[in-house]
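Me: Could you take a close look at one part of this model, the open sheet, and walk me through how its strands are put together? After that, please carry on to the surroundings of the ligand and to the unusual backbone spots in the loops.

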Amino acid sequence: MYLSDIDKKMLLGEEGSAKQFSMQILIRLGEIYGAKRMIPIKSAHVGCLSPQFGAAIEITKKFADLEGKCCVPTTTNPTLNPINFNKWNELNEPLKLQKLTKKQIGHVLKMGMIPVWTCTPYFEGNLPHYGEMISWDESSCVIFANSVLGARTNRTTIGVNIASSIVGRVPEYGLLLDRNRKGDILIKLHFKPKSLFEYGTLGYIIGKLCGGKIPVIENLPKSTNVNHLKVLGASMATKGGISIFHAVGITPEAITKEEAFQNSKPEFEYVVTRKDIKDSIIELNTAKNKKVDAIAIGCPHAGIEEIKELAILLSGKKINKNLHFCIFTSERTIELAKKMRFINIIKESGAKIFLGTCLVFQSTKLWGWKSVATNAAKLALSLPSKPNELDVYYTSLGECVDLAVR
Ligand code: F3S
């Protein structure tokens, strides 16, 4: 691989041990993927920063002990955030986990990461422009950055992202190259998705049809907004391991169908109808009935529009004392929601707001939860597996609220 003078300096340790260690990792990665050179990045976003992710705490500690510092703006994905500890006695985390989390956050802050603790960093100031090279982690963030923003990132791991953040460079391979961003499969929509719930379900269908390939969606309605694209990508990435999609006339690398396919022919074409949506909702349901322990909303993190919709739906209602209504979002969104007077309405209903975290990190087994209702396809796909092993009742936001206030 070609190395510039600055790459060589860092590799030789002339810029400190953290940069040397980081370059060793990135060059090895580049060799594996046949990269020809290292290129500069403008930002990083780091996931898996919770102690439940096996070696994550050791990896973070290693870089922090070497005095590694982020040299590009680097935001953080949700973690088991201490801001929620001791808020609700019945939903607390084991002390050991609380201690480990605080330690890991110490390492993250020492390196100078920006502690937004959200999987929607693009709403929190980490907003790359079209064509910008970045190093992001967490599947929903990666697919959003590549597809909706037209920025360029591979989906890597915590160690690679921290290393990239410390040296401000990545090996050039995969989705950083034009040729690997070409659409493979044409998805023709024969219906108009209407809600976040339907967009999330559509993402699940496309993920199932296109696993590992790049979908190009035709006929996505012009009313499609940024929150629709957020949930569409999140479930597509989780179901199909997809890191980029194109939507003709909507996403920046698909002004036309020809541009999305880079003037080649699709390998396959699929038609998706409203019946597929209905069938998939049934498929995503693993719960035997509607009797759930909790409702989970906000995956990816709920934005201000979703909080507003919740406030309207929950207004004047009381959550049934036998279940927990949990909303996952970021600290900054909640600040805004306070100013807009949505928070009082939500709190008065008895719903709980979790900040900077995510249901998949919570000790739901210890809390005795067996089943959860959600409107998020990504959660419906994730919660049945370890560590949560929950049954999921997958339904619309309106029905989630109805279930909770009965
Ligand atoms: Fe975000 Fe957690 Fe969902 S990290 S995308 S809320 S699974």
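Reply: What follows starts with the sheet, moves on to the ligand and ends with the loops.

The model is a predicted one, and the sheet in question is an open sheet of four strands, with the order 8-7-6-9 and parallel pairing. Its edge strands are strand 8 (246-247) and strand 9, each of which pairs on one side only. In general terms, the strands of a sheet pair through backbone hydrogen bonds, either parallel or antiparallel.

Strand 6, which spans residues 185-189, is a good place to begin, and four of its five residues are buried, so that the strand is mostly covered, buried here being under 20% relative accessible area. Towards strand 7 (residues 215-218), strand 6 is joined by four bridges, and the two run parallel; within this pairing, Ile185 has Pro215 of strand 7 as its bridge partner. Between these two strands the chain passes through helix 7 (residues 196-210), and the resulting β-α-β crossover is right-handed. Strand 6 also pairs with strand 9 (residues 268-272), again in the parallel sense, over five bridges, and here the bridge partner of Leu186 is Glu269 in strand 9. The remaining pairing of the sheet order is that of strand 7 with strand 8, which is parallel and runs over two bridges, with Ala247 of strand 8 as the bridge partner of Ile217.

Turning to the ligand, one finds that the ligand sits in the largest pocket. The residues around the ligand are Asn77, Pro78, Cys119, Glu138, Ser140, Gly298, Cys299, Pro300, Cys358 and Lys378, and by class this shell holds five nonpolar, three polar and two charged residues. Two neighbours in that shell, Cys299 and Pro300, also share a backbone feature, for the peptide bond from Cys299 to Pro300 is cis, with omega near -10°. Pro300 belongs to the loop between strand 10 (294-297) and helix 11 (304-314).

Another cis peptide bond leads from Lys386 to Pro387, with omega near 0°, and Pro387 is placed in the loop between helix 14 (377-382) and strand 14 (391-394). Such backbone values deserve a second look because most residues other than glycine have a negative phi, and most peptide bonds are trans.

Positive phi values turn up in the loops as well. Glu67, a residue other than glycine, has a phi near 65°, and Glu67 lies in the loop between helix 3 (56-65) and strand 3 (74-76). Asn86, likewise not a glycine, has a positive phi of about 65°, and its place is in the loop between strand 3 and helix 4 (95-110). Asn86 counts as exposed because its relative accessibility is 53%, and the cut-off for that class is over 50%.

The loop between helix 11 and strand 11 (324-329) holds Lys321. With a relative accessibility of 82%, Lys321 therefore also counts as exposed. The C-alpha atoms of Lys321 and Ala287 are separated by 21 Å, the two residues being 34 residues apart along the chain.

Terms used. Residues are numbered from 1 along each chain as its sequence is written. This is a predicted model: local features need pLDDT of at least 70, side-chain atom pairs count only at pLDDT 80 or more; totals for chains, interfaces and linings use all residues. Side-chain values use heavy atoms; hydrogens and water are left out. Buried means under 20% relative accessible area, exposed over 50%, partly exposed in between (1.4 Å probe, protein chains only). Two strands pair if DSSP finds at least two bridges between them. A crossover is right-handed if, with the strands pointing away from the viewer, the path from the first strand over the helix to the second runs clockwise. A residue is near a molecule or strand if one of its heavy atoms lies within 4 Å of it. On a 1 Å grid over the protein atoms alone, a cavity is a set of points where a 1.4 Å probe fits but cannot get out, and a pocket is an open set with protein on both sides within 12 Å along at least five of seven lines; lining residues have an atom within 4 Å of a point. A molecule sits in a cavity or pocket if more than half of its atoms lie within 2 Å of its grid points. Ala, Val, Leu, Ile, Met, Phe, Trp, Tyr, Cys and Pro count as nonpolar, Asp, Glu, Lys and Arg as charged, and the others, Gly among them, as polar.
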